[in-house]
Amino acid sequence: MIHCHHYQKGDCRSCQWLEMPYERQISEKIAHLKDQLASLNCDNVVWERPFQSSQTVFRNKAKMVVSGAVEKPILGNSQSSVDLCDCPLYPISFSAVFPIIKDFIGRAGLVPYNVEKRKGELKYILLTESTATGKLMLRFVLRSENKLPLIQRELKALLTKLPQLEVVSVNLQPQHAAILEGEKEIFLTEEQYLLENFNNVPLFIRPQGFFQTNPHVASGLYATAQQWVKGLPISKVWDLFCGVGGFGLHCVKALQEATSSPIELTGIEISSSAIFAAKMSAQALGMKRIKFQSLDAANFTLNQHETKPDLVIVNPPRRGIGQQLSEFLNNMKPHFILYSSCHAVSMSKDLQYLTHYNPTRIQLFDMFPNTAHYEVLVLLECC
């Protein structure tokens, strides 16, 4: 068990399973996953060994609620007003960065937002690190643009103190609601993204584009997808809910290396920021016949009448892909479906509608150690 004085004091209970031995955590998650899939035909499925995570310093991102006073800000979470800058889940490098950010908050007069009084400006601090370059992205979530001149005045000094700080932006979230970020992003640096690299596939982290917070496990997840599809007869791929393109680009790269012929990929994602990043990755890889579009995945799929793909990758949010899209894919019958899920309960419901498919490979990825949450990858083959 890792030592965390915040947990022991009851100040933070985000890691609900912190007192549970890690091997038991994995066993509990496997048991839960098998319960969800109990009604499926898993007689011939290959259960791969769970992909495990480090229990400390595994996150690449800190999402901090700002409270306290402008001259002494507290960076914590929504559960309490205790400072959590020494959380053992964050990269070691963050410990030297947080004090400089706090000093900047005071110099720029960024009064922490008080939920009860509905006063103040600064709601969140979002800090992200690239494991490939060590560069940082810092985002200030503010209620309004009132403090922008002061932020811009103090920015040069901040960048001097933190030369690894490559991207700085302000996100505007004016609503009095538990919403992390708003639609408007104001970049304060020339650079607008961080370069990351998993398995020799360049990926780009941008504001308002989802990116996994456990890089080691995410890299293993993408590498596994590559391995599973590499030997399959696939020439056309749909990547639905594609995010920054991690799954689709990894799979196409592996398929092209195996066949020495171009593979057609269509990636669909509602976030325009994520699609921008995916296009950058495809360009960096020099891939042809790649098309990424900012669209609703279900609407795109249900309106397609062209030749069906050989492989459909789905990586939906917690709600899953839903009955309508599941039934559409079931009737369309692509040869293979690669389903990545962060919520096995909703995935199980979706798989009930895929009556023409049998799972052939399943693997659990412990993306969120010390909690009940996990990711799972399932390869389905049309029967």
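In this predicted model, one cavity of 30 Å³ or more is found. The volume of the largest cavity is about 50 Å³. Its lining is made up of Ile 100, Asp 103, Phe 104, Arg 107, Glu 154, Ala 157, Leu 158 and Lys 161. Two elements, helix H3 (94–107) and helix H4 (148–161), give two or more residues each to this lining. Sorted by class, the lining of the largest cavity contains four nonpolar residues, four charged residues and no polar residues.

The chain is assigned two domains: domain 1 (22–55 + 214–382) and domain 2 (61–194). Between the C-alpha centres of domain 1 and domain 2 the distance is 33 Å.

The largest nonpolar core consists of 44 residues. Within this core, the residues with the most contacts are Val 237, Leu 249, Phe 292, Leu 311, Leu 338 and Leu 377. Helix H5 (residues 215–229) supplies the largest share of the core, namely seven residues. Because domain 1 (22–55 + 214–382) and domain 2 (61–194) both give residues to this core, it lies between them. The surroundings of Leu 311 can be listed in full. When neighbours within four places in sequence are left aside, Leu 311 is in contact with Val 229, Ile 234, Lys 236, Val 237, Trp 238, Phe 336, Ile 337 and Leu 338. Another core, of 33 residues, lies apart from the largest one. Among the residues of this other core are Val 45, Ala 297, Ala 344 and Leu 351.

Ala 344 and Leu 351 also appear in helix H10 (residues 344–353), where they are buried. The other buried residues of H10 are Ser 346, Met 347, Ser 348 and Asp 350. The buried residues of H10 are covered by elements that include helix H2 (22–36), helix H9 (322–332), strand S14 (336–341) and strand S16 (375–382).

Three strand residues were examined one by one, beginning with Met 64. Met 64 is part of strand S2 (residues 61–69). Its relative accessible area is 0%, so Met 64 is buried. Not counting residues up to four places away in sequence, Met 64 touches Leu 75, Gly 76, Leu 84, Cys 85, Tyr 90, Phe 98, Lys 123, Tyr 124 and Ile 125. Arg 361, in contrast, is 37 Å from Met 64 in space, C-alpha to C-alpha, and 297 residues from Met 64 in sequence.

Gly 76, one of the residues touched by Met 64, belongs to strand S3 (residues 72–76). Gly 76 has a relative accessible area of 4% and therefore counts as buried. Beyond its neighbours within four places in sequence, Gly 76 is in contact with Lys 63, Met 64, Val 65, Val 82 and Leu 84. For Val 65, the separation from Gly 76 is 11 residues along the chain, and the two C-alpha atoms are 5.2 Å apart. Leu 84 is in contact with Gly 76 and is also touched by Met 64.

Val 201 is placed in strand S9 (residues 201–205). With a relative accessibility of 0%, Val 201 is buried. Leaving aside neighbours within four places in sequence, the contacts of Val 201 are Glu 196, Leu 249, His 250, Lys 253 and Leu 285. Of these, Leu 249 is named among the residues with the most contacts inside the largest nonpolar core. Lys 253 is 52 residues from Val 201 in sequence, and the C-alpha atoms of the two residues are 8.4 Å apart in space.

Backbone angles were also considered. Val 57 is not a glycine, yet its phi is positive, at about 40°. Val 57 is located in the loop between strand S1 (46–47) and S2. Its relative accessibility is 41%, so Val 57 counts as partly exposed. Lys 333 likewise has a positive phi, of about 60°, without being a glycine. The loop between H9 and S14 contains Lys 333. With a relative accessible area of 33%, Lys 333 is partly exposed. The two elements that flank this loop, H9 and S14, are included in the cover of the buried residues of H10.

Notes. Residues numbered from 1 in each chain as written. Predicted model: local features only at pLDDT ≥ 70, side-chain atom pairs only at ≥ 80, totals over all residues. Heavy atoms only, no water. Core = buried A, V, L, I, M, F, W, Y, C linked by side-chain atoms within 4.5 Å. Buried < 20%, exposed > 50% of the residue type's maximum accessible area, 1.4 Å probe, protein only. Helix = DSSP H or I, 4+ residues; strand = E, 2+ residues; numbered from the N terminus. Domains from an automatic or database assignment. Contact = heavy atoms within 4.5 Å. 1 Å grid on protein atoms, 1.4 Å probe; cavity = no way out; pocket = protein on both sides within 12 Å on 5 of 7 lines; lining within 4 Å. Points joined across faces, edges and corners; volume = space filled by probe spheres on them. Nonpolar A, V, L, I, M, F, W, Y, C, P; charged D, E, K, R; others polar.
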